[in-house]
Amino acid sequence: MTPTDSELIARVRRGDDRSAFGELVQRHQSAVRNFLRHLTRGDHATADDLAQETFVRAYGALARFRGGSNFSTWLLGIAHNVYRNHRRRPEWDAARWEDVSAGTIVVPPSTRGADLEHDLAVAMSQLSRDEQLAIHPACRQGLSHGEIAALVEWPLGTVKTHLNRGKEKLRQLLAAWNPHA
Amino acid sequence: MNQPAEDERLHAWLRQHAPELPDDGFALRVLAALPPRAASSPRVHPALLATCGGLAGLVFAVLKGARWPDFVRAVEVAGSVWLQLAGAVADPWIWAAVACAGTALLARSFLVRWQTRH
C-alpha cells in the first residue's frame, strides 16, 4: 500500500529517512515547480533552483510541521517565501518581472486558433503577478481563499479581489473558447 | 451569462491543463543538496548517567579505603559550598547576568523560527 504523506513525514522525522523524503519530493515537485514557474514568469531554470531550495528548507523545518495544514499548502508557503527572498537579492532583474499594465489586455495574434492549453498559458501570462499568485493555487491546487490568504500573507479581501480580477481577465482572454460569449 | 458556470469551466480548464512536470532527476538533485546527516550519538538518559557516575564514584571511594565519617565530612563540605553559592546568587548582578543569558537564548530561539518561516 502506498504510504500517505503523514506516514512519510513521520518516517523522516523518526530516523532521518531520506528515501521517504525523496518520495515526498517526487509527489509534490510538480505542484511546487509549476507554482514557481508562474511566479518567475516562465523562467524554468530559476524556478527549479528555487524549488530545490524550497525542498531543502522544508527538510530542515519538517520537525516543526504541525500538520495543521495540508503538506502541499505548507510547501507552497515555503516556496513563496523562497521566491520573495530571491526577489530581494541584488541580482534580481526587477524590470524583467514588471507587472503587465493593469486594465490592458492584449491577446497575441498567435494564440488565435491555437489549442486551449496554449491559450490558457498565454492568458495566464497576461495576468499581473498578484493575480497569478491568487489564481494559480485556487484553480490549479484547489486551495480555499483562506488558505491562499495564509499562504501569501494577504488579507482575505485582497485575495478575493485579485482572484476576481484575474478570473475576469481570463474570461475575456478566453472568450473565443466560450460559445455563449 | 452564467457566472458560476463560467467560473467552474475556468477552474476545470486550469486543472485539466496544468502540466504534470516529470521528475527527471529533480528529487535526486534535492536529496544531494540536503545537509549531511547529523552524526548519530547514542542517547543515554541523564538520570541513568548520573546514577552510574555516582555509583562509580562510591565504588572508587570505597576501594580507596574511605569510611562513613569521610562521606559525612564530604557532605558537610558540599553543604558549605552550596551555602556560598546561595549567597552569590543573592547578588543582583548575578540575576542581571542570568536575565541577559535568558534573553539571548529566547532571542536565538525566535531568530531560528523566523529564519525557518522566511
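**Helix packing and aromatic pairs in a predicted model**

Phe21(A) is buried, and Tyr59(A) is buried as well. I open with these two residues, in what is a predicted model, and shall return to them shortly.

Let me turn to the helices that carry them. In chain A, helix α2 covers residues 18–39 and helix α3 covers residues 44–61. Their axes come within 9 Å and cross at roughly 140 degrees. How should this arrangement be classed, as oblique or as roughly antiparallel? Angles over 145 degrees count as roughly antiparallel, and α2(A) and α3(A) are therefore oblique to each other. As to handedness, the crossing in which α2(A) passes α3(A) is right-handed.

Which residues make this contact? From α2(A), the participants are Arg18(A), Phe21(A), Val25(A), His28(A), Gln29(A), Val32(A), Arg33(A), Leu36(A) and Arg37(A). From α3(A), they are His44(A), Ala47(A), Asp48(A), Leu50(A), Ala51(A), Thr54(A), Phe55(A) and Tyr59(A). Sorted by class, the contact of α2(A) with α3(A) comprises nine nonpolar, four polar and four charged residues.

I now come to the aromatic rings. Over all chains, a search of the whole structure finds five aromatic pairs. One of them is formed by Phe21(A) and Tyr59(A), with a centre-to-centre distance of 5.0 Å and 70 degrees between the planes, an edge-to-face pair. Phe21(A) belongs to helix α2 of chain A and Tyr59(A) to helix α3 of chain A, so this pair ties together parts that are 38 residues apart in sequence.

A further pair consists of Phe55(A) and Phe26(B): the ring centres are 5.9 Å apart and the planes stand at 70 degrees, so this pair, too, is edge-to-face. What does this pair join? Phe55(A) lies in helix α3 of chain A, while Phe26(B) lies in helix α2 of chain B, residues 26–33, so the pair joins two chains. Phe55(A) and Phe26(B) are both buried. I would also recall that Phe55(A) is among the residues of α3(A) in the contact with α2(A).

Elsewhere in chain A, Phe65(A), Phe71(A) and Trp74(A) are linked by ring pairs into a cluster.

Finally, a few words on chain B. How many helices and strands does chain B contain? There are five helices and zero strands, and along the sequence the pattern reads α-α-α-α-α. Chain B has 118 residues, of which 12% count as buried.

Notes: Residues are numbered from 1 along each chain as its sequence is written. Chains are lettered from A and ligands numbered from 1 in the order in which they are written. This is a predicted model: local features need pLDDT of at least 70, side-chain atom pairs count only at pLDDT 80 or more; totals for chains, interfaces and linings use all residues. Side-chain values use heavy atoms; hydrogens and water are left out. Axes are lines fitted to C-alpha atoms, for helices over the stretch in contact, and angles run from 0 to 180 degrees between N-to-C directions. Helices (H or I, at least four residues) and strands (E, at least two) are DSSP runs, numbered from the N terminus. Angles under 35 degrees count as roughly parallel, over 145 as roughly antiparallel, 65 to 115 as roughly perpendicular and the rest as oblique. A crossing is left-handed if the near helix is turned anticlockwise from the far one by less than a right angle, and right-handed if clockwise. Contact means heavy atoms within 4.5 Å. Ala, Val, Leu, Ile, Met, Phe, Trp, Tyr, Cys and Pro count as nonpolar, Asp, Glu, Lys and Arg as charged, and the others, Gly among them, as polar. Rings of Phe, Tyr and Trp (its six-membered ring) pair if their centres lie within 6.5 Å; planes under 30 degrees apart count as stacked, over 60 as edge-to-face and the rest as tilted. Buried means under 20% relative accessible area, exposed over 50%, partly exposed in between (1.4 Å probe, protein chains only).
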